[in-house]
Amino acid sequence: MTRQVTFRRRFINAFMLSLTGVATLLVVSVLFFILGYLLWHGIGSLSWNFFTKLPKPTGETGGGLANAIVGSAKILALATLIGVPVGFLAGIYLAEYSGRTFAFVVRYITDLLNGVPSIVIGIFAYAIVVKPMKHFSTFAGGCALGIMMIPIAVRTTEQFLRSVPTALREGSMALGANKATAIFTVVIPAAKQGLTSGMMLNLARVAGETAPLLFTALGNMYWSAGWSQPSASLPVMIYQYAISPYEDYHQQAWAAGLVLLALVLSINVTARLIMSRGSSLARR
Amino acid sequence: MATPHQQLQPITTRPPAELTPPPSSAVPKIRAQHLNFYYGTFQALHDITMDIAANQITAFIGPSGCGKSTFLRTMNRMNEAVRNTRREGEIRLDGEDIFKLDVASVRRRVGMVFQKSNPFPKTIFDNVAYGLRINGVRKKSIVEETVQLSLERAALWTEVKDKLNKPAGALSGGQQQRLCIARALAVEPEVLLLDEPCSALDPIATLKIEELLFEIKNLTTIVIVTHNMQQAARVADYTGFFLLGKLIEYDNTRRIFQNPSKKETEDYVTGRFG
Amino acid sequence: MRVSGGTHLRHFEQELEKLKAKLLEMSALVESAVYWSVQGVVEKSESLAEQVLKNEGRINQLEIEIDDMAISLLALQQPVAADLRLITAAIKINNDLERMGDLAVSIAERALALIREPVPRAMIDIPHIAGLVQSMVRKSLDAFVNRDAELARSVLASDDGVDSLRTASYHELMSYMEHDPAHIPQAVSLLTVVRNLERIADHSTNIAEDVLFLVKGIDVRHHNERQLQGEPTAPTARV
């Protein structure tokens with residue numbers, strides 16, 4: 001009887017090991033698979049033209065997605081300008097000033113906001129920005145993405161500020177600093193690695209959002225001057241080109257996807273580098 | 001025959017040095033009167049009345065939880081940062097009620113060094129200069145001079161003068177604590193409070209800090225809380241013994257350790273309890 | 001233990017130096033007192049004898065100050081090892097020195113008595129005994145100052161010589177008293193002087209024993225050279 005039990009046990013062990021191992025491999029390989037696929041299909045279309053020229057009608061060569069790249073940049077810049085300060089200051093309030101119950105409530109609501117589907121945020125932005133302005137715009141796109149950035153900014157700020165040891169605050173106040181001075185001269189600088197990387201990850205996350213932009217920035221085959229015109233953006237362009245019936249547009253879509261992925265990955269990697277360098281500097 | 005050393009001189013007699021009693025002079029540096037302190041419903045300090053002498057080292061000793069740290073932190077109003085606390089009674093600094101003064105100005109005049117050293121994650125120079133800068137001193141030459149002077153007074157200058165721009169976190173534990181002392185001294189406090197400053201340090205680092213306290217005594221009044229009563233014996237001019245939130249005995253250090261008046265004090269210093 | 005470099009002493013070391021300085025001051029006074037008291041007898045000098053009486057007050061005061069300082073150091077500084085031995089030696093030497101001072105006063109008083117009722121001729125060789133005793137006093141104090149164990153041992157060795165001189169003097173004085181009853185008071189004074197000198201020598205040997213304890217940590221009192229043996233040593237590991 002013992003031989004059977006041992007055999008069964010060993011079999012289960014091996015089975016679990018294989019199962020979990022394969023799952024892990026799957027997880028790891030998916031990223032490389034996507035990257036590889038995009039590289040394979042998109043690298044051919046990356047060219048000087050791609051980064052500098054406007055889209056050309058199908059069949060014509062020499063077109064690019066310069067307007068989408070610039071458009072994404074403008075939208076993301078505006079989103080950062082809206083989302084980061086609001087989230088940052090709210091995070092400071094939660095971490096440093098508020099009472100326990102109020103902080104809990106605000107955190108809860110922030111998490112709910114984070115869970116709102118991005119397309120709903122897009123509709124919301126449409127209602128409060130696009131309709132009054134009476135047209136789609138870069139500005140509206142920036143607003144939508146900015147709203148999406150707020151909850152993560154709040155949570156990141158609060159988390160990293162709370163992780164700063166109380167001893168530093170005490171040290172600052174014991175020298176005659178009032179609370180605000182202590183926060184801005186000691187606590188925030190102490191958390192700056194975490195805050196910076198947190199904001200970068202936040203940006204990387206919204207960089208790829210497509211749904212909100214459909215209702216706000218819409219799209220544009222030409223340059224979008226200023227902030228109140230509709231604007232092309234990388235994710236929307238990928239969508240539009242991918243569902244088109246033209247092969248050369250498909251190629252451009254691959255390339256755009258590659259660029260977008262490269263952008264997001266590099267922001268991620270940089271953010272993590274900042275975090276790890278930071279923790280070695282502050283060693284005790 | 002051997003010749004004598006001395007000249008023939010009459011010599012007047014003098015009594016041995018009197019043990020000077022603790023001050024009850026006109027205006028002591030800090031005077032606490034009938035101070036009671038509560039954490040919620042728990043009373044941590046019972047009717048504390050004592051005078052702290054200027055330019056002397058005063059130590060508070062007593063077993064854990066006796067209130068000595070609480071009392072210390074009341075003197076620079078650090079206790080107010082804790083929620084749900086209540087205070088009755090007065091503390092006067094040079095005659096002024098500290099609870100009526102602006103809290104930041106009280107903390108400028110009454111500095112504090114903590115049990116675990118807490119240098120900011122900045123450079124050594126910026127750490128010491130911090131107090132100056134937030135109090136409005138911007139002129140580069142003044143800041144540099146003051147930083148050097150403070151580091152010299154904290155017996156740290158020779159060890160760090162070539163690496164002022166390195167992060168403070170790279171220093172050893174004892175050096176970091178001396179850095180915190182330099183940082184506190186830079187704003188020229190009238191009183192320096194030290195809350196068990198050596199409890200996390202090895203004996204040699206402890207000795208360096210004790211020696212520097214002797215050196216800076218004439219610059220500032222020093223109040224030190226220590227759970228190591230031998231440290232109080234070595235260092236302090238006056239010692240107060242606390243027990244369960246009450247001040248049991250407060251006297252010249254020599255009397256506390258040689259001939260205390262209260263039995264509880266005697267039991268504590270001889271190690272019978274606590 | 002030096003904390004910072006150079007000649008800066010830490011607080012405790014400064015206090016120890018003060019203690020040593022006071023002890024040196026006292027030993028100098030006591031040496032002088034012994035010398036003057038003997039000279040007072042030999043030279044029949046009233047002023048020297050008076051001087052000894054005058055300085056007694058300062059010697060007593062120093063004894064109190066040194067004890068006070070030593071106790072304070074023990075209470076407040078928790079000394080160990082050589083520092084502890086120094087302080088306990090200082091307390092004992094302090095005591096011996098004060099007794100020597102008292103004995104010098106007693107000799108001075110005898111000097112004054114002998115001046116009032118002089119001896120017709122020299123009866124015994126006071127200067128010789130005094131010279132030996134003074135040299136023992138000097139050596140024992142030098143041994144303390146210089147932590148010189150060998151010098152301390154030589155003091156211990158000289159004690160026997162002084163004892164035999166004293167015994168010889170007693171016999172001389174006894175025979176003199178038998179032959180010349182009129183001058184018995186003076187003889188008794190001289191007996192006292194010799195006895196006090198011998199006791200001064202004993203105190204010097206005490207000091208020498210204390211110095212040996214201080215320097216070597218060995219207890220040589222009562223002719224007992226007992227090292228700290230028989231004390232359990234730390235266990236050694238067997239490899």
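Colleague: What makes strand 9 of chain B and strand 10 of chain B count as a pair?

Modeller: Strand 9 of chain B and strand 10 of chain B are joined in the antiparallel sense by six bridges, and two strands pair if DSSP finds at least two bridges between them, so the condition is met. Strands here are DSSP runs of E with at least two residues, whereas helices are runs of H or I with at least four, and both are numbered from the N terminus. One of the bridge partners is B:Asn252 in strand 10, which is matched with B:Tyr238. The two strands form a hairpin with two residues between them, and B:Leu244 in the turn has a positive phi of about 50°.

This is a predicted model, in which local features need pLDDT of at least 70 and side-chain atom pairs count only at pLDDT 80 or more, while totals for chains, interfaces and linings use all residues. Residues are numbered from 1 along each chain as its sequence is written, and chains are lettered from A and ligands numbered from 1 in the order in which they are written.

Colleague: How do you know whether strand 9 of chain B is mostly covered or not?

Modeller: A residue is buried if 20 or more other C-beta atoms lie within 10 Å of its own, exposed if 12 or fewer do, and partly exposed in between, with C-beta atoms placed from the backbone. Six of the six residues of strand 9 (238-243) are buried, and the strand is therefore called mostly covered. In a regular strand the side chains alternate between the two faces of the sheet. Here B:Tyr238, B:Gly240 and B:Phe242 are buried on one side, and B:Thr239, B:Phe241 and B:Leu243 are buried on the other.

Colleague: Which strand is joined to strand 3 of chain B by parallel bridges?

Modeller: Strand 3 (57-61) of chain B runs parallel to strand 9 of chain B, with four bridges between them, and B:Ile61 stands opposite B:Phe241.

Colleague: Why are some strands of the open sheet in chain B called edge strands?

Modeller: The open sheet has six strands in the order 6-7-8-3-9-10, with mixed pairing. Strand 6 (110-113) and strand 10 (246-252) of chain B are its edge strands, as each pairs on one side only. Neighbouring strands are turned by 20° against each other on average, direction ignored. Strand 6 is joined to strand 7 (191-195) of chain B by four bridges, and these two run parallel; within this pair, B:Met112 is matched with B:Leu193.

Colleague: What packs on this sheet at strand 6 and strand 7 of chain B?

Modeller: Helix 6 (173-186) of chain B touches both strands, and its direction makes about 170° with that of strand 6. Axes are lines fitted to C-alpha atoms, for helices over the stretch in contact, and angles run from 0 to 180 degrees between N-to-C directions.

Colleague: How many residues make the contact between chain B and chain A?

Modeller: Two residues are in contact if their C-beta atoms, placed from the backbone, lie within 7 Å, and this contact takes 21 residues from chain B and 18 from chain A. Helix 2 of chain B gives four residues, the largest share of its side. That side has 11 nonpolar, seven polar and three charged residues, where Ala, Val, Leu, Ile, Met, Phe, Trp, Tyr, Cys and Pro count as nonpolar, Asp, Glu, Lys and Arg as charged, and the others, Gly among them, as polar.

Colleague: What is the make-up of chain C in helices and strands?

Modeller: Chain C has six helices and zero strands, and buried residues make up 38% of its 239 residues.
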